[in-house]
Amino acid sequence: MTRLLEKAVEEISKLSRTEQDSIAAVILEEISDEKKWEESFLASKKGLELLAKEALAEYQSGMTSH
């Protein structure tokens with residue numbers, strides 16, 4: 001755990017249980033959202049690579065203009 005996170009946890013521990021739960025819910029939601037974005041980008045990576053290869057092939061074959 002980083003020092004900054006340790007300091008945050010220390011400060012959070014001084015709050016009421018309700019406030020601690022609220023902050024914990026925000027943190028967990030943020031982590032969940034980050035995982036969803038990461039999964040979404042990974043899923044689209046292959047499709048984007050295919051589109052890029054197709055565009056390059058079209059360019060190299062003269063099917064496109066500058």
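Start at V9, which sits in helix α1. This is a predicted model. V9 has a relative accessible area of 42%, so this residue is partly exposed. Exposed would take over 50%, and buried would take under 20%.

V9 does not stand alone. Together with M1 and L5, V9 makes a nonpolar surface patch of about 320 Å². M1 lies in the segment before α1, a helix that covers 3–12. M1 counts as exposed because its relative accessibility is 69%. The patch therefore joins an exposed residue, M1, to a partly exposed one, V9.

Now look for salt bridges. How many does a search of the whole structure find? The search finds 1. The pair is E11 and K14, and their closest N and O atoms are 3.1 Å apart. E11 has a relative accessible area of 37%, so E11 is partly exposed. K14 reaches 57% relative accessibility and therefore counts as exposed.

Next, step back to the whole chain. The protein has 2 helices and 0 strands. Its radius of gyration is 23 Å, while the globule rule gives 11 Å for 66 residues, so the protein is more spread out than a compact globule. The box tells of the outline too. Along the principal axes, the C-alpha atoms fill roughly 65 × 20 × 20 Å.

What share of the 66 residues counts as buried? The share is 0%. The accessible surface comes to about 6,300 Å². Carbon and sulfur atoms hold 60% of that surface.

Follow the chain onward into helix α2, which spans residues 17–60. E38 has its place in this helix. At 49% relative accessibility, E38 counts as partly exposed, because exposed means over 50%. E38 belongs to a patch of negative charge on the surface. The other members of that patch are E29, E30, E34 and E39.

One of these residues gives a link back to the start. E34 is 25 residues from V9 along the chain. How far apart are the C-alpha atoms of V9 and E34? They are separated by 20 Å. V9 helps make the nonpolar patch, and E34 helps make the negative one.

Last comes the charge of the whole protein. There are 9 positive and 14 negative side chains. The centres of the two sets lie 5 Å apart.

Put the pieces together. The model has 2 helices and 1 salt bridge, as found by a search of the whole structure. M1, L5 and V9 form a nonpolar patch, and five glutamates, E29, E30, E34, E38 and E39, gather in a negative one. None of this sits in a buried core, as 0% of the residues count as buried.

Conventions
Residues numbered from 1 in each chain as written. Predicted model: local features only at pLDDT ≥ 70, side-chain atom pairs only at ≥ 80, totals over all residues. Heavy atoms only, no water. Patch = residues over 30% accessible without salt bridge, like charges linked within 9 Å, V, L, I, M, F, W, Y side chains within 5 Å. Areas by Shrake-Rupley, 256 points an atom, 1.4 Å probe, with all protein chains shown as cover. Salt bridge = Lys/Arg side-chain N within 4 Å of Asp/Glu carboxyl O. Helix = DSSP H or I, 4+ residues; strand = E, 2+ residues; numbered from the N terminus. Buried < 20%, exposed > 50% of the residue type's maximum accessible area, 1.4 Å probe, protein only. Rg over C-alpha atoms; globule rule 2.2 N^0.38 Å. Lys, Arg positive; Asp, Glu negative; His and termini not counted. Charge placed at Lys NZ, Arg CZ, Asp CG, Glu CD.
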